[in-house]
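The following exercises concern one protein chain. Each task is followed by a solution that proceeds step by step.

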Amino acid sequence: MRCPFCGANDDRVVDSRDVRGGETVRRRRECLNCGRRFTSYEQIENIAYRVVKSDGRRQEFDRQKLLGGLLKACEKRPVGLPALEEIVDQAEALLHRKEDREISTSELGNFVIDRLKTLDQVAYVRFASVYRKFEDVDEFMEELRVLLEASRKD
């Protein structure tokens, strides 16, 4: 495995874990050249999951694209990468349970938003504003009102 930091091919596996019910193996690796650690995933390649866009187009599910959106929403927030990877793992597990191997963007987005709401409310609002395509400040404020009312009830 090539180190993403220095490009060396020498590493050792520090930890291995099954994720998503044994369908994927998560490995923590340490580069023997620079000493930095990174994560790799091993999974069966033949499973092609599709995301159905709101206009009906279908595209392949991209784990990295979802993780990138979560990282952007959590930028400068006290949310660790393992928590975000767990959300992506849960989203993939949701896809694994579907017989038709397809999920709508609305179902996927709502699933992620529900997880973010309990993890970090600022990240939740950021993600929701992009996902739900807020057009103006009023839509943003309405989402904040709903969030505030829910927190007052708790």
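**Exercise 1.** In which helix is the place of E86? State also whether E86 is buried, partly exposed or exposed.

*Solution.* The model under study is a predicted one. Step one: E86 belongs to helix α2. Step two: its relative accessible area is 40%. Step three: partly exposed residues lie between the cut-offs of 20% and 50%, and E86 is therefore partly exposed. Step four: R20 lies 66 residues from E86 in sequence, yet the two C-alpha atoms are 9.9 Å apart in space.

**Exercise 2.** Describe helix α2 by its extent and its buried residues.

*Solution.* Step one: helix α2 covers residues 81-97, which amounts to 17 residues. Step two: from first C-alpha to last it reaches 24 Å, close to the 24 Å expected at 1.5 Å a residue. Step three: the buried residues of α2 are L84, E85, I87, V88, D89, A91, E92, A93, L94 and L95. A general point helps in reading such a list: an α-helix has 3.6 residues a turn, so residues three or four places apart point the same way.

**Exercise 3.** How do the axes of α1 and α2 cross?

*Solution.* Step one: the axis of α1 (residues 63-73) comes within 10 Å of the axis of α2. Step two: the two axes cross at roughly 140 degrees. Step three: roughly antiparallel would require an angle over 145 degrees, and α1 and α2 are therefore oblique to each other. Step four: the crossing of α1 past α2 is right-handed.

**Exercise 4.** What is the sign of phi at K76 and at R101, and where are these residues placed?

*Solution.* Step one: most residues other than glycine have a negative phi. Step two: K76 is not a glycine, but its phi is positive, at about 60 degrees. K76 is in the loop between α1 and α2 and, at 80% relative accessibility, counts as exposed. Step three: R101, also not a glycine, has a positive phi of about 60 degrees. Its place is the loop between α2 and β6 (102-104), and at 39% relative accessibility R101 counts as partly exposed.

**Exercise 5.** Which charged ends sit over the rings of Y41 and F111?

*Solution.* Step one: over the ring of Y41 sits the charged end of R63, 4.6 Å from the ring centre. Step two: over the ring of F111 sits the charged end of R115, 3.7 Å from the centre. Step three: the count of aromatic pairs comes to 0.

Terms used: Residues numbered from 1 in each chain as written. Predicted model: local features only at pLDDT ≥ 70, side-chain atom pairs only at ≥ 80, totals over all residues. Heavy atoms only, no water. Helix = DSSP H or I, 4+ residues; strand = E, 2+ residues; numbered from the N terminus. Expected span 1.5 Å × (residues − 1). Buried < 20%, exposed > 50% of the residue type's maximum accessible area, 1.4 Å probe, protein only. Phe/Tyr/Trp six-rings, centres within 6.5 Å; stacked < 30°, edge-to-face > 60°. Lys NZ or Arg CZ within 6 Å of the ring centre and 35° of its normal. Axes fitted to C-alpha atoms, helices over the stretch in contact; angles between N-to-C directions. Parallel < 35°, antiparallel > 145°, perpendicular 65-115°, else oblique. Left-handed = near helix turned anticlockwise from the far one by under 90°.
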